[in-house]
Number of protein chains: 2
Amino acid sequence: MGRSSDARNKILTAAQSLIELRGYSALGVAEICKAAGVPKGSFYYFFESKEALALTVIDEHWAAQRRDWTGVLAGDGKPLERLRRLFEVTEAAQRAGQQSCGTVSGCLFGNLTLELSNQAEAIRVRLQEIFDAQVGMVEAVIAEARDRGEVDVANTREAARSVVAQLEGQVLFAKLFNNTSHLDVLWANCLALLGARIRQEVPAAS
Amino acid sequence: MGRSSDARNKILTAAQSLIELRGYSALGVAEICKAAGVPKGSFYYFFESKEALALTVIDEHWAAQRRDWTGVLAGDGKPLERLRRLFEVTEAAQRAGQQSCGTVSGCLFGNLTLELSNQAEAIRVRLQEIFDAQVGMVEAVIAEARDRGEVDVANTREAARSVVAQLEGQVLFAKLFNNTSHLDVLWANCLALLGARIRQEVPAAS
């Protein structure tokens, strides 16, 4: 790897970490370069603006998360088991983040949605695409479960959006209270939202 | 009203509007004073810092919202009817905001939670208190409904938190897509989360 792309990666890594910790607006390019250990000139060689950097951070984070979600949701097993695994993976990721930096950083996409979506149209559009894709991936699993008669859902798109909304809402609480146990109820709530017929097999949420 | 408290109100009104539009970190004291039409010296007469101002904005917004929520949730009518009314009031408020400023601004408390809770401990604590109070108000109604045999809930606190989480998640989507119709499903989802026995009386979510 040449020096140039190494500097680009350092900027991206520092930016993602700083955005997760402190949001987007609070950051300056100088601070990002300092954390990355690269001169400011390098920044503008790779990114034409802070917004362009943020879009790249979003894209790279989504590329990684989409791989994880695809591995879980399009993998083997019954559809509802795969959906349950998605919540387990989400909780594990939030717990790992909390252990590494002391606080639950929440969902990068949710954070940027509430901070920025009314200020930066390019970022809003990208976040819309990502949430649409997430909802689509969850919807495919719900449709499979419906075909198996395991859930009672009139509108699979709406149901998938409600499942993702519940996830975002509980991640918000996990971040606010710096407590990942708020995510424990996600599976029981998902089954309730889907009118799932296997609810009795699931332990009651504590 | 004397000139002094008038200036304070102008600062608060401008700050709330700017924070709703653009978040907290993106704002400077000079910009807030300019929007309020008051000299910067007045700002520091009333508020010792931008954070102190944000806490006052949060407190005033919550005082007003708590009055609304209390009026709805502690009012007359069956408990689930009052809970339904809470979602109608929320949707109406988001729609009114969209009509007045062109975009759905979302929930001030949710916005500040995802933007700030890991940066400003005083703000985090205040937001925790507010969401705890909201959950408590919803919990009281759920407990009433449970006593009437209308919902099937093992843990009223957890159920109330899930209802508020679903609200925050769908408001996030309403803001991201600048579309209040995302809030239409809140009532059906609330009933599903509560295992409500009157689901069949409710029209299916469109």
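Student: Hi! How many residues does the contact take from chain B and from chain A?

Tutor: Hi! It takes 42 residues from chain B and 42 residues from chain A; two residues are in contact if their C-beta atoms, placed from the backbone, lie within 7 Å. Keep in mind that this is a predicted model, where local features need pLDDT of at least 70, side-chain atom pairs count only at pLDDT 80 or more, and totals for chains, interfaces and linings use all residues. Residues are numbered from 1 along each chain as its sequence is written, while chains are lettered from A and ligands numbered from 1 in the order in which they are written.

Student: Which helix of chain B gives the most to the side that touches chain A?

Tutor: That is helix 8 of chain B, with twelve residues. Helix 1 (3–22), helix 6 (108–116), helix 7 (121–147), helix 8 and helix 9 of chain B each supply at least two residues. Helices here are DSSP runs of H or I with at least four residues, numbered from the N terminus.

Student: And how do the residues on that side of chain B divide?

Tutor: There are 16 nonpolar, 19 polar and seven charged residues on the side of chain B that touches chain A. Ala, Val, Leu, Ile, Met, Phe, Trp, Tyr, Cys and Pro count as nonpolar, Asp, Glu, Lys and Arg as charged, and the others, Gly among them, as polar.

Student: What turn lays chain B on chain A?

Tutor: A turn of 180° with a shift of 0.0 Å along the axis does it, giving an RMSD of 0.0 Å. The two copies are thus related as by a two-fold rotation axis. The same surface serves both copies, as 100% of the contact residues of chain B recur in chain A. The superposition is by least squares on the C-alpha atoms of residues with pLDDT of at least 70 in both copies.

Student: Nice. At what angle do helix 9 of chain A and helix 9 of chain B pack?

Tutor: They pack at about 115°, and their axes are 8 Å apart. Axes are lines fitted to C-alpha atoms, for helices over the stretch in contact, and angles run from 0 to 180 degrees between N-to-C directions.

Student: Which residues meet there?

Tutor: N189(A), A192(A) and L193(A) meet N189(B), A192(B) and L193(B). By class, this contact between the two copies of helix 9 has four nonpolar, two polar and no charged residues.

Student: New topic: what is odd about the phi of N178(A)?

Tutor: N178(A) is not a glycine, yet its phi is positive, about 45°. The residue is in the loop between helix 8 (156–176) and helix 9 (186–193) of chain A. N178(B) likewise has a positive phi of about 45°.

Student: How does N178(A) count for exposure, and why?

Tutor: It is partly exposed, because it has 16 C-beta neighbours inside 10 Å. A residue is buried if 20 or more other C-beta atoms lie within 10 Å of its own, exposed if 12 or fewer, and partly exposed in between, with C-beta atoms placed from the backbone.

Student: Last one: which domains is chain A divided into?

Tutor: Chain A has domain 1 (1–47) and domain 2 (50–201), with bounds from an automatic or database domain assignment. Their centres, taken over C-alpha atoms, are 27 Å apart. The contact between them takes twelve residues from domain 1 and 15 residues from domain 2.

Student: What gives the most on the domain 1 side?

Tutor: Helix 1 (residues 3–22) of chain A does, with seven residues. That side of domain 1 has eight nonpolar, three polar and one charged residue.
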